[in-house]
Amino acid sequence: MAGIDETLRDLVRLEGVRGASIVDYFSRLTLGAVGDPSGLDLEAAARGDTDVVRAKLSTLELLGYRPERIEDILITLDDEFHLIRPLTRRTCQGIFVYLVLDRAGGDLETARESLRKVESELDV
């Protein structure tokens, strides 16, 4: 099992990653964040992305879908991918991982695979 700091360090080592955070979407608290200090405000982004996660989970409930069906939420910008991965393991409920990936220099599929791995290994 990996802790928050170790998990974030592993994520930002991926090619093209501009930042990553782990967020509690019940309280809106950022549990950890790593990224370029002159770049994106990861804490502000995490607070806003809490609304995205809550809205999607609410929509799934309206449709009668289980929340575990979400793998990730992808937001595509002109030069970045923003990936949000709600964690569904019982010990991680209420937590999501947020990753900002450079669109030109990053590998989206590798990033998504790394987020899948985080879900199985993160110990919060």
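1. Start of α2. A side-chain oxygen of D41 comes to within 3.2 Å of the backbone nitrogen of E43, at the start of helix α2. That distance falls under the cut-off for a polar contact, a pair of N or O atoms within 3.5 Å; within protein, one must be able to donate a hydrogen and the other to accept it, and residues adjacent in sequence count only if both atoms are side-chain atoms. Helices (H or I, at least four residues) and strands (E, at least two) are DSSP runs, numbered from the N terminus.

2. Basis of the values. This is a predicted model, in which local features need pLDDT of at least 70 and side-chain atom pairs count only at pLDDT 80 or more, while totals for chains, interfaces and linings use all residues. Residues are numbered from 1 along each chain as its sequence is written, and side-chain values use heavy atoms, with hydrogens and water left out.

3. Length and covering of α2. The 22 residues of α2 should span 32 Å at 1.5 Å a residue, and the end C-alpha atoms are 31 Å apart, which agrees; the expected span is 1.5 Å times one less than the number of residues. Buried residues of α2 are L42, A45, A46, D49, T50, V53, L57 and L60, where buried means under 20% relative accessible area, exposed over 50%, and partly exposed in between (1.4 Å probe, protein chains only). An α-helix has 3.6 residues a turn, so residues three or four places apart point the same way. The cover over the buried residues of α2 includes β1, β2 (29-35), β3, β4 and β5. Just after α2, G64 has a positive phi of about 80 degrees.

4. The sheet. Five strands form an open sheet in the order β2-β1-β5-β4-β3, with antiparallel pairing; two strands pair if DSSP finds at least two bridges between them. β2 and β3 are at the edges with a single partner strand each, so one side of each has no neighbour in the sheet. From one strand to the next, the twist averages 15 degrees.

5. Helices α1 and α3. Helix α1 (residues 4-12) packs on the sheet and touches β1, β2 and β5, its direction making about 155 degrees with that of β1. Helix α3 (residues 108-121) lies across β3, β4 and β5 and runs at about 20 degrees to β4. Axes are lines fitted to C-alpha atoms, for helices over the stretch in contact (heavy atoms within 4.5 Å), and angles run from 0 to 180 degrees between N-to-C directions.

6. Strand β5. In β5 (residues 95-102), 8 of 8 residues are buried. I95, V97, L99 and L101 lie on one side and F96, Y98, V100 and D102 on the other, so both faces are covered. β5 pairs with β1 (residues 17-24) in the antiparallel sense over 7 bridges, and L101 is the bridge partner of V17. With β4 (residues 80-87), β5 runs antiparallel and shares 8 bridges; V100 stands opposite H82, and I95 opposite L87.

7. Aromatic rings. The structure holds 2 aromatic pairs. Rings of Phe, Tyr and Trp (its six-membered ring) pair if their centres lie within 6.5 Å; planes under 30 degrees apart count as stacked, over 60 as edge-to-face and the rest as tilted. Y25 and F26 make a tilted pair, 5.0 Å centre to centre with 50 degrees between the planes. Y25 is buried at 10% relative accessible area, whereas F26 is exposed at 57%. The rings of Y25 and F96 have centres 6.4 Å apart and planes at 25 degrees, so this pair is stacked. The stacked pair links distant parts of the chain, with Y25 in the loop between β1 and β2 and F96 in strand β5, 71 residues apart. Ring pairs join Y25, F26 and F96 into a cluster.

8. D72. This residue is in the loop between α2 (42-63) and β3 (73-76) and counts as buried at 16% relative accessibility. The side chain of D72 makes a polar contact of 2.7 Å with the side chain of R112. Not counting residues up to four places away in sequence, D72 touches L83, I84, R85 and R112.

9. V34. Strand β2 contains V34, which is partly exposed with a relative accessible area of 27%. Leaving aside neighbours within four places in sequence, V34 is in contact with L8, V12, G19, A20 and L42.
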